[in-house]
Amino acid sequence: QVIKCKAAVLWEANKPFSIEEVEVAPPKEHEVRIKIMATGICRSDDHVITGALVMPFPIILGHEAAGVVESVGQGVTSIKPGDKVIPLFVPQCGECKSCLNTKGNLCSKTDLGTSPGLMPDGTTRFTCKGKAVHHFLGTSTFTEYTVVHESAVAKIDSAAPLEKVCLIGCGFSTGYGAALQTAKVEPGSTCAVFGLGGVGLSVVMGCKAAGASRIIAVDINKDKFAKAKELGATDCINPKDFSKPIHEVLMEMTGGGVDYSFEVIGRTDTMTAALACCQNNYGVSVIVGVPPAAQNITFDPMLLFTGRSWKGSVFGGWKSKDAVPKLVADYMKKKFVLDPLITHTLPWTKINEGFDLLRTGK
């Protein structure tokens with residue numbers, strides 16, 4: 001049956017979301033229809049609104065969520081109605097090169113980079129006012145019901161609080177994994193984290209969990225510092241407090257650069273600064289923030305020639321279907337906290353207010 005429900009539709013760039021009645025088609029073969037119980041707001045959603053991440057309109061955004069399976073299509077065996085699940089914006093098909101390689105996690109079935117905004121079969125499950133509405137990253141969670149491919153959903157512990165573990169669908173896993181999986185931070189090492197939003201704070205938690213002895217948090221919003229310290233940052237610095245470039249400040253603070261640096265903003269200038277602040281021979285810098293469209297980086301190749309490594313990390317390097325249920329289990333065992341990452345809880349009809357809070361750094 002088609003479900004009629006409310007969704008936040010974005011009709012065009014740089015406009016607020018419009019709460020509309022949409023029609024959600026039943027799941028086709030190997031698809032799952034989910035009732036969304038909680039969704040987080042992520043800067044990547046905002047990047048679509050501003051045009052920094054190019055997607056087709058109209059679209060239903062949202063990719064960090066948790067819900068309950070409402071129905072399943074033909075051939076779905078791993079998941080049944082009533083299961084608690086987290087949709088995966090990086091799927092895990094188990095068959096492509098990245099899925100088959102132990103080092104890989106960016107499944108070829110992902111919507112990332114190709115931006116068609118459609119299900120794997122090239123069609124959409126959303127209609128609004130007679131118009132087809134695009135999906136976002138194969139998840140689309142700013143709606144009461146969504147449809148995802150079976151490879152893009154993870155079944156989780158039925159006791160998990162969905163309003164907390166929804167963060168494992170993107171922000172927490174992305175940051176925590178960037179430190180533990182991508183960088184493989186070692187005990188006793190020094191780290192610098194640029195950007196202290198939800199993902200940056202999760203990087204701080206990952207560095208601490210890995211046993212880093214010094215974690216330097218960098219942000220131009222000093223209101224973020226108290227929480228960063230609570231989660232493990234040893235030093236907090238504001239680039240605006242210095243007349244010299246921030247990478248030079250970090251080089252001096254650490255006697256020649258950090259072992260690991262993380263750019264968790266999505267700006268090309270901070271990406272270059274993060275690279276330059278890590279130790280010139282064995283430092284590793286990880287790009288975690290989504291890079292803006294149509295911008296290139298110009299940098300001195302000597303920065304890399306001396307031995308530094310520059311890496312990217314999507315979804316924290318986790319193989320999504322395998323890792324998400326384990327991360328939820330770890331949360332249930334209190335191996336990490338999620339509460340400090342949640343600043344506000346709003347009824348989802350107030351989604352535009354939520355984005356205003358994001359944009360004002362609150």
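How many residue pairs are in polar contact across the interface of domain 1 and domain 2? In this predicted model, the rule finds one such pair, with both residues at pLDDT 80 or more. The side of domain 1 that touches domain 2 is made up of seven nonpolar residues, five polar residues and no charged ones. Between domain 1 and domain 2, the count of salt bridges is zero.

The division of the chain gives this interface its context. The domain assignment places residues 3-171 together with 317-360 in domain 1, and residues 183-312 in domain 2. Domain 1 is thus assigned in two segments of the sequence. Taken over C-alpha atoms, the centres of domain 1 and domain 2 are separated by 28 Å. Where the two domains meet, 12 residues of domain 1 are in contact with 13 residues of domain 2.

The size of an interface is often expressed as the accessible area that is lost when its parts come together. For domain 1 and domain 2, the buried area is about 870 Å², and 65% of it lies on carbon and sulfur atoms. On the domain 1 side, Gly171, Pro340 and Leu341 lose the most area to domain 2, together accounting for 48% of what that side buries.

Although no salt bridge is counted between the two domains, the rule gives 16 salt bridges in the model. One of them joins Arg43 and Asp46, whose closest N and O atoms are 3.4 Å apart. Both residues belong to helix H1 (residues 43-50), and because they are three residues apart there, about one helical turn separates them. The two partners fall into separate accessibility classes: Arg43 is partly exposed at 35% relative accessibility, whereas Asp46, at 4%, is buried.

A comparable arrangement in sequence occurs in helix H11 (residues 351-359), where Asp356 and Arg359 are three residues apart and hence separated by about one helical turn. Their side chains meet in a salt bridge with an N to O distance of 3.6 Å. Asp356 has a relative accessible area of 43% and is partly exposed; Arg359 is also partly exposed, with a value of 40%. Elsewhere, salt bridges that share partners link Lys28, Glu31, Asp121 and Arg125 into one network.

A further salt bridge is formed by Glu252 and Lys244, with the closest N and O atoms 2.7 Å apart. Glu252 has a relative accessible area of 54%, which means that it counts as exposed, while Lys244 is partly exposed at 34%.

What surrounds Asn238, leaving aside its neighbours within four places in sequence? Asn238 is in contact with Asp219, Ile220 and Phe225. This residue lies in the loop between strand E12 (235-237) and helix H7 (246-254). Despite its position in a loop, Asn238 counts as buried, because its relative accessibility is 7% and the class covers values under 20%. Its contact with Ile220 includes a polar approach: the side chain of Asn238 reaches the backbone oxygen of Ile220 at 3.5 Å.

Key. Residues are numbered from 1 along each chain as its sequence is written. This is a predicted model: local features need pLDDT of at least 70, side-chain atom pairs count only at pLDDT 80 or more; totals for chains, interfaces and linings use all residues. Side-chain values use heavy atoms; hydrogens and water are left out. Domain bounds come from an automatic or database domain assignment. Contact means heavy atoms within 4.5 Å. Buried area is the accessible area (1.4 Å probe) that two parts lose on being put together, summed over both. A salt bridge is a side-chain nitrogen of Lys or Arg within 4 Å of a carboxyl oxygen of Asp or Glu. A polar contact is a pair of N or O atoms within 3.5 Å; within protein, one must be able to donate a hydrogen and the other to accept it, and residues adjacent in sequence count only if both atoms are side-chain atoms. Ala, Val, Leu, Ile, Met, Phe, Trp, Tyr, Cys and Pro count as nonpolar, Asp, Glu, Lys and Arg as charged, and the others, Gly among them, as polar. Helices (H or I, at least four residues) and strands (E, at least two) are DSSP runs, numbered from the N terminus. Buried means under 20% relative accessible area, exposed over 50%, partly exposed in between (1.4 Å probe, protein chains only).
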